[in-house]
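The following exercises are to be worked with the sequence and the coordinates at hand. Each task is followed by a solution in steps.

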Amino acid sequence: SQQQSGFALNAAIILDDNMDLDAARTRTQTAIDDAKLGVQLVDWRGASGIIGQFIVVVPILLYCAVAAIFIIARVIINNALLMAVVERPPVVGTMRAIVAQRGFVLVLFVCESLMLGVMAGAVAWLGAAVVTATLGATGLSAGDSEILVFLFSGPRLYPALHASHVIVGVAAVIVVSTLATIYPALIATSIRPAVALARRE
């Protein structure tokens with residue numbers, strides 16, 4: 001609270017984590033009306049002003065950054081698979097020559113990409129789990145920055161890795177790997193067996 005001439009200008013009500021914000025607001029507003037205190041009740045976003053709006057923008061910026069990372073990963077995977085296709089026409093031609101259908105070759109390349117993507121995702125998940133567990137135990141200090149203290153809702157931030165984050169990450173890896181594989185796989189399926197075998201000779 002801020003004090004001036006002995007009067008409180010504002011006061012904060014801190015709720016338990018398991019309390020419903022709307023229900024608590026309704027009960028508090030009813031108590032204020034019954035007591036005729038003549039005070040205004042606002043949530044933390046309304047009280048914090050422009051900083052509260054900034055809090056809403058931060059997750060959007062983070063999601064945009066993650067989307068950009070996935071786009072870059074898709075381009076890298078696409079280029080790597082294109083190089084693999086260019087280097088393996090004889091292999092693809094041999095498979096086509098022994099009556100391997102185009103669908104089989106397509107599925108083969110997609111499965112290869114998914115396997116590599118899931119393996120890389122598992123390594124990244126383990127690394128993220130170790131870092132998150134370490135920071136969750138020690139906390140990330142906000143230092144002397146009042147803005148960071150506000151963003152962290154306290155002097156230290158204790159990140160946590162939830163199951164929903166893992167599920168979203170695995171789904172994103174699968175989608176990105178699949179999308180990045182389609183074009184190289186289609187090129188592989190267009191390789192003619194006779195041409196590929198001739199290049200092998």
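**Exercise 1. One face of a helix**

Which residues in α4 are buried?

Solution. The model is predicted, so that local features require pLDDT of at least 70 and side-chain atom pairs count only at pLDDT 80 or more, while totals for chains, interfaces and linings use all residues. Residues are numbered from 1 along each chain as its sequence is written, and side-chain values use heavy atoms, with hydrogens and water left out.

Step 1. Fix the terms: buried means under 20% relative accessible area, exposed over 50%, and partly exposed in between, with a 1.4 Å probe and protein chains only. Helices (H or I, at least four residues) and strands (E, at least two) are DSSP runs, numbered from the N terminus.

Step 2. Apply the burial criterion to α4: Pro89, Val92, Gly93, Met95 and Arg96 are buried.

Step 3. These residues lie on the same side of α4, because they cover an arc of only 160° around the axis. The arc is that of the directions from the helix axis to the C-beta atoms.

Step 4. Continue past the helix: Val99, which follows α4, has a positive phi near 65°. Ala100 belongs to the loop between α4 (89-97) and α5. Ala100 counts as buried because its relative accessible area is 13%. The C-alpha atom of Ala100 is separated by 9.9 Å from that of Thr189, 89 residues apart along the chain.

**Exercise 2. The chain as a whole**

Determine the order of the secondary-structure elements and characterise the burial and contacts of the protein chain.

Solution. Step 1. Count the elements: the protein chain has 8 helices and 4 strands.

Step 2. Read them from the N terminus on: the order is β-β-α-α-α-α-α-β-α-β-α-α.

Step 3. Evaluate burial: of the 201 residues in the protein chain, 18% are buried.

Step 4. Evaluate contacts (heavy atoms within 4.5 Å). Among the contacts in the protein chain with a separation of 6 or more, 61% join residues 24 or more positions apart.

**Exercise 3. Positions along α5**

Describe the surroundings of Ser113, Val118, Thr132, Ala133 and Gly136.

Solution. Step 1. Begin with Ser113, which is found in helix α5. Ser113 is buried because its relative accessibility is 4%. Not counting residues up to four places away in sequence, Ser113 touches Ile77, Leu81, Ser177 and Thr181.

Step 2. Proceed to Val118, also placed in helix α5. At 44% relative accessibility, Val118 is partly exposed. Val118 and Val170 are 52 residues apart in sequence, and their C-alpha atoms are 7.4 Å apart in space.

Step 3. Turn to Thr132 of helix α5, which is buried with a relative accessible area of 17%. Beyond its neighbours within four places in sequence, Thr132 is in contact with Pro159, Ala160 and Leu161.

Step 4. Consider Ala133, likewise in helix α5 and partly exposed at 48% relative accessibility. From C-alpha to C-alpha, Ala133 and Pro159 are 7.9 Å apart in space and 26 residues apart in sequence.

Step 5. Finish with Gly136 in helix α5, partly exposed at 30% relative accessibility. Its contacts, leaving aside neighbours within four places in sequence, are with Tyr158 and Pro159. The C-alpha atoms of Gly136 and Leu157 are 7.9 Å apart, with the two positions 21 residues apart in sequence numbering.

**Exercise 4. The second largest pocket**

Which element supplies the largest share of the lining of the second largest pocket?

Solution. Step 1. Define the search: on a 1 Å grid over the protein atoms alone, a pocket is an open set of points where a 1.4 Å probe fits, with protein on both sides within 12 Å along at least five of seven lines, and lining residues have an atom within 4 Å of a point.

Step 2. Obtain the volume, which is the space filled by probe spheres set on the points, joined across faces, edges and corners. For the second largest pocket this is about 1,400 Å³. Of the 38 residues that line it, Val66, Phe70, Ala128, His165 and Gly169 are the closest to its centre.

Step 3. Assign the lining: α3 (50-87), α5 (102-138) and α7 (163-189) each supply at least two residues. The largest share, 13 residues, comes from α5.

Step 4. Classify the lining: 31 residues are nonpolar, 7 are polar and none is charged. Here Ala, Val, Leu, Ile, Met, Phe, Trp, Tyr, Cys and Pro count as nonpolar, Asp, Glu, Lys and Arg as charged, and the others, Gly among them, as polar.
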